[in-house]
Amino acid sequence: RTRPILKIQDGCNNRCSYCVIPFVRGRSRSLPPDVVVEQARKLASEGAKEIVLSGINLGSYGRDLTPRAQLAAAVRRILDETGIAQIRFSSIEPQDVTADFVSLVAGSERLAPHFHVPLQSGSDRILRAMRRWYRAEHYAERVQLIRRMLPGAAIGADVIVGFPGESEADFRATAEFVERLPFTSLHVFAFSPRPGTATASPGDPVPHAAMRERARALRSLGQEKSAAFRRSQAGRTLRALTLNRRGNNWTEALTGNYLKLRVSGGRPANEWCEVHVTA
């Protein structure tokens, strides 16, 4: 209720071997830029301070339109033509995390320094089997670009463990890859087959016990990285938006770089506050 989601794109033209979305959501479709701006303006008039731009494949926004549009241009129009104080991006595929896109985020205090970039695997062999469009080192370059241009940004990732044929060596490659990159959060999923996909009937399934252990190990690593990022933010002064959750003399708030904080005092939701991170 404090951070409305504005869905500007749906569907997907990619054909990842594990994903059912193209079959159930169809091909990529985008809202025209004028509609995007109008909906953002409406949300601002209703009191929204932050909006989350979302899509199944958000980076592909506008490629289906005539004339073709670009996500960056639509974002600039929202910044120029509405009173929205902060825009956050839901998820961006690694191939769309370009220098221009990161520069766009770095160049405006109204764009949240928060990137969620699906990884899925750190093994090139598994990425090929998944029909992902990048390899591990391509992904690493994009994450390191974010960290160079925005040292305090949040960088999250999705990872799938137990993909059919994933060996212990493949998993170690993923764990080592995650460990060396500056992630601040990790979403870990155990593979499960989806009807109609290329892996609906996996020929080389990973045993459930191994899958659970791999998921546990990666989640533990993700928790360590999240804790390290939180510690690195101590001493900073940040702007945060109060949320609906509150307790005895505290209110939960969210910063642009996706830190959930407890701010002293009982405060109404959907208000900006300057917070000094003490611990």
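Helices, in the sense used here, are runs of at least four residues assigned by DSSP, and they are numbered from the N terminus. The structure above is a predicted model, and one of its helices, α3, covers residues 71-81 and contains Ala 74. A residue is called buried when its relative accessible area is under 20%, and Ala 74 counts as buried because its relative accessibility is 4%. The C-alpha atom of Ala 74 is separated by 9.0 Å from that of Pro 32, although the two residues are 42 residues apart along the chain.

Before helix α3 comes a loop that follows strand β3, and Pro 67 has its place in this loop between β3 and α3. The peptide bond that joins Thr 66 and Pro 67 is cis, with an omega of about -5°. To see what is unusual here, it helps to know that most peptide bonds are trans, and that most residues other than glycine have a negative phi.

The second half of that general statement prepares the reader for two further residues. Tyr 258 is not a glycine, yet it has a positive phi of about 65°, and it is placed in the loop between β9 (250-255) and β10 (260-264). With a relative accessible area of 41%, Tyr 258 is partly exposed. Asn 270 also has a positive phi, near 70°, in a residue other than glycine, and it is found in the loop between β10 and β11 (272-276). Is Asn 270 buried or exposed? Its relative accessible area is 16%, and therefore Asn 270 is buried.

Helix α7 offers a longer piece of reasoning. It has 13 residues, 168-180, and at 1.5 Å a residue these should span 18 Å, which agrees with the 18 Å that separates its end C-alpha atoms. Which residues of α7 are buried? They are Asp 170, Phe 171, Thr 174, Ala 175, Phe 177 and Val 178. Seen down the axis of α7, these buried residues fall within an arc of 160°, so they line one face of the helix. On the face of α7 that is turned away from the buried side, the exposed residues Glu 176 and Glu 179 are carried. The buried residues of α7, for their part, pack against α5 (124-130), α6 (136-149), β6, β7 and α8.

Two of these packing partners, α5 and α6, are connected by a loop in which Arg 135 has its place. Arg 135 is partly exposed, since its relative accessible area is 24%. Leaving aside residues up to four places away in sequence, Arg 135 touches Asp 124, Leu 127 and Arg 128. The C-alpha atom of Arg 135 is separated by 39 Å from that of Val 275, which is 140 residues apart from it along the chain.

Another of the packing partners is helix α8, and Ser 226 is placed in this helix. With a relative accessible area of 15%, Ser 226 is buried. If residues up to four places away in sequence are not counted, Ser 226 touches Thr 184 and Ser 185.

The last part of this account turns from the residues to the spaces between them. Rolling a probe the size of a water molecule over the atoms shows where empty space is left. The largest pocket holds about 750 Å³ of space, and it is lined by 26 residues, of which Tyr 18, Cys 19, Ile 21, Gln 120 and Asp 158 lie nearest its centre. The elements that give two or more residues to this lining are α1 (21-25), β6 (154-161) and β7 (185-190). By class, the lining of the largest pocket has 15 nonpolar, six polar and five charged residues.

The second largest pocket holds about 500 Å³ of space. Of the 20 residues that line the second largest pocket, His 114, His 116, Ser 185, His 187 and Tyr 258 lie nearest its centre; Ser 185 is thus a residue that Ser 226 touches, and Tyr 258 is the residue with a positive phi of about 65°. Two or more residues of the lining come from each of β3 (50-55), β4 (86-89), β5 (114-116), β7 and α8 (208-233), with α8 giving the largest share, three residues. By class, the lining of the second largest pocket divides into seven nonpolar, nine polar and four charged residues.

Key: Residues numbered from 1 in each chain as written. Predicted model: local features only at pLDDT ≥ 70, side-chain atom pairs only at ≥ 80, totals over all residues. Heavy atoms only, no water. 1 Å grid on protein atoms, 1.4 Å probe; cavity = no way out; pocket = protein on both sides within 12 Å on 5 of 7 lines; lining within 4 Å. Points joined across faces, edges and corners; volume = space filled by probe spheres on them. Nonpolar A, V, L, I, M, F, W, Y, C, P; charged D, E, K, R; others polar. Expected span 1.5 Å × (residues − 1). Buried < 20%, exposed > 50% of the residue type's maximum accessible area, 1.4 Å probe, protein only. Arc of directions from axis to C-beta. Contact = heavy atoms within 4.5 Å.
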